[in-house]
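Colleague: I've got a structure open and could use some help reading it. Can you walk me through a pocket and some helix packing?

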Amino acid sequence: MNDKRIYLKLQNLLFPEGDKFETQWSLFYRGERMRYDKEQGVLCIPKYHVVDFMSYLNSFSLHKWKKYTDIQEVKLHLNLRGKCCVRLVGYTLNVHNPVKTVLAEKIFTYDEPNEIVMYYPESESALLAFEIETDSDCELFEGWFEGAFSDENQRTVNLSIATTTFKKEKFIQSNLKLLQKDLLDSDDEIKDHLWIHVIDNGRTLIPEQWNSGKIKIHPNKNVGGSGGFARGMIESMEQPESITHVLLMDDDVIILPESIRRMFYLLRMLKPEFDEYFVSGAMLCYEDMSIQHEDVGFVHSNGSYGPQKNRLDHIFLRDILECDKEYLDRQYMYAGWWFCCIPMQMIKKNGLPLPLFIRGDDVEFSLRNHAKFITMNGICIWHMGFTYKFNASMELYQVHRNSLILQAVSGVCPKVNFMNRMTKLFRARMLSLDYNGAELILDAIEDFLKGPEYIMQDLGEQIMKEKSKKNEKMVDLREFPDLDIELNEVYQDPPRNFLRKWLYRITYNGHRFCFESVLKEEPGIVAYDWSYSPEHNFWHKNLLAVNPDLKTGCMRVLSKDKYRKLSKRYKSVLLKYKNTSAAVVEKYRENKDKMTSVEFWKGYLDI
């Protein structure tokens, strides 16, 4: 038996570098802010201070490394100067309370920069970290966690990054420079096992500025995320090197090359039983950088989508531990394609994405593959726009049309009644005077009923342009100076008495069996997005739909004519669905293999 060990640098210590991170030091270390010398790359720690590196980005997930690999030993390396005590600590979560254990500590005194090495003893801790308590001014230059493994368990990993961009040159070029500097030009092993494919749906990048043996720009038609990622998978599949994993990433994100590096070494030492697992990176909020939106999502029983974990704020120790613990699997789980690493064997075995243009392609792909997921603190990106935007054409049309399609094609989510959700949403939008939103839901059902031939045509961009015309035109709230707008109340749902409930229902909020004279002249104030509050809606001639975060709004006007036309159309669409949906679903199912084939996608993409 081979008892030879190998030692790998698994996780580099990260410092708050760059404009976006310098005010976010709590993601890197806990305690008061320390001065970071950018030119020297040094964290300066004053005398008689404690810096705690039990943070989202710098703690080490021992329990996950033990689960997914055969890690045998963990060492901490630090390069520092000064007199200080380095304390090795471990943390677990006792229900909701963090429990800290001091594992070892040692005092060091160095007048010049010196590397120290400390061994973590065997521990049942979930997360490992360390603290530095100074007796003099100290400087920390670098640090890393090193793991010991059995030599016979290592494997070759060739990683292809496939990112799709559409006119987001600032983000994509910044990320390419980072990846080039920190990974491709590094002396790390990953540089020989990493390739990058940029699928340029906007055709705005100049390939000659970037193309090399490691980076390739692929000008592409605007075929949305689905088409872009399908192209990236095909290019990865057909490149000369034998790619083992494809990492799908969005373009409008802030990345940490270290996240990719950590994932690479995890994959290098992965136990065979986890060969087919996806690595799902967390999406944190660009606008509020300590807030985590999602790492793994799931389809709810009511047909909506959301994160597996509750909202987490990585300023808080409990949330860091909560995020990294193992969660029970839910039905219908998926990994979003802002950062999703897929084994190539799964792509070859089960095919490419559906041609959905955007939204739902990642959900269907995960569910079709019966995917299992690995998540880990520090493997993440920061995504912009998810916090403060609601796009009706995307959320009401695209998401719901594609929900019906993914269920029809792959038979996934059999217990979820998407049509029930859509009929409820139609009613809520009508009662909130959002007639365009109600119309988009009917469009979604009608376009689903057009069958697979409709989505197999290159119509995605045209459809989105057409549907986006129905989005509400939001304006600055200062254009409504006469209104008393209480933004902190729009998401509240005040109680109603029986009479008001009955009047609301029987008159369909003033659309029928109701004299216009009884309706209030002063506009009601409602939320512009998913929120639905009957009391805020009740019997107003106008409703001002507001975005409290961006301080914008749109005035909705009650229209009995639109109500009658949409109600008539609603009945017609539902009757058509009842009579034809079974045959349409069968056609989708019959075309599944064709729509997910390389041959189909090459024709669709004109390659």
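**A pocket and some packed helices**

Modeller: Sure, and keep in mind that this is a predicted model. Let's begin with the second largest pocket, where α2 gives the most to the lining, with eight residues.

Colleague: Which residues lie nearest the centre of the second largest pocket?

Modeller: This pocket has a volume of about 1200 Å³. Its lining takes in 35 residues. Nearest the centre you'll find Glu 17, Leu 178, Lys 181, Asp 182 and Pro 257.

Colleague: How do the lining residues of that pocket divide into nonpolar, polar and charged?

Modeller: At least two lining residues come from each of β1 (5–12), β9 (138–150), α2 (169–184), β14 (253–255) and α5 (257–268). Sorted by type, the lining of the second largest pocket has 16 nonpolar, seven polar and 12 charged residues.

Colleague: On to the helices. Is α9 roughly parallel or roughly antiparallel to α11?

Modeller: Helix α9 (residues 392–410) packs on helix α11 (residues 435–448) at an angle of about 25°, and their axes are 8 Å apart. Angles under 35 degrees count as roughly parallel, so α9 and α11 are roughly parallel.

Colleague: What is the handedness of that crossing, left-handed or right-handed?

Modeller: On the α9 side the contact includes Leu 396, Tyr 397 and His 400, and on the α11 side Leu 440, Ile 441 and Ala 444 are among the residues involved. The residues of this α9 and α11 contact divide into 11 nonpolar, three polar and three charged. As for the way α9 passes α11, the crossing is right-handed.

Colleague: And how is α11 set against α16, roughly parallel or roughly antiparallel?

Modeller: The axes of α11 and helix α16 (residues 560–590) come within 7 Å and cross at roughly 25°. That falls under 35 degrees, so α11 and α16 are roughly parallel.

Colleague: How many polar residues are in the contact of α11 with α16?

Modeller: The crossing of these two helices is left-handed. Among the α11 residues that meet α16 are Tyr 435, Leu 442 and Phe 448, while α16 brings residues including Lys 562, Arg 569 and Tyr 588. The contact of α11 with α16 counts 14 nonpolar and six charged residues, and the number of polar ones is zero: no polar.

Colleague: Last one: is α10 roughly parallel or roughly antiparallel to α16?

Modeller: In helix α10 (residues 418–431), Met 419, Thr 423, Phe 426 and Met 430 meet α16 residues including Tyr 563, Ser 567 and Tyr 577. This contact of α10 with α16 has eight nonpolar, two polar and no charged residues. The two axes come within 12 Å and cross at roughly 175°. An angle over 145 counts as roughly antiparallel, so α10 and α16 are roughly antiparallel.

Technical notes:
Residues are numbered from 1 along each chain as its sequence is written. This is a predicted model: local features need pLDDT of at least 70, side-chain atom pairs count only at pLDDT 80 or more; totals for chains, interfaces and linings use all residues. Side-chain values use heavy atoms; hydrogens and water are left out. On a 1 Å grid over the protein atoms alone, a cavity is a set of points where a 1.4 Å probe fits but cannot get out, and a pocket is an open set with protein on both sides within 12 Å along at least five of seven lines; lining residues have an atom within 4 Å of a point. Grid points are joined across faces, edges and corners, and a volume is the space filled by probe spheres set on the points. Helices (H or I, at least four residues) and strands (E, at least two) are DSSP runs, numbered from the N terminus. Ala, Val, Leu, Ile, Met, Phe, Trp, Tyr, Cys and Pro count as nonpolar, Asp, Glu, Lys and Arg as charged, and the others, Gly among them, as polar. Axes are lines fitted to C-alpha atoms, for helices over the stretch in contact, and angles run from 0 to 180 degrees between N-to-C directions. Angles under 35 degrees count as roughly parallel, over 145 as roughly antiparallel, 65 to 115 as roughly perpendicular and the rest as oblique. A crossing is left-handed if the near helix is turned anticlockwise from the far one by less than a right angle, and right-handed if clockwise. Contact means heavy atoms within 4.5 Å.
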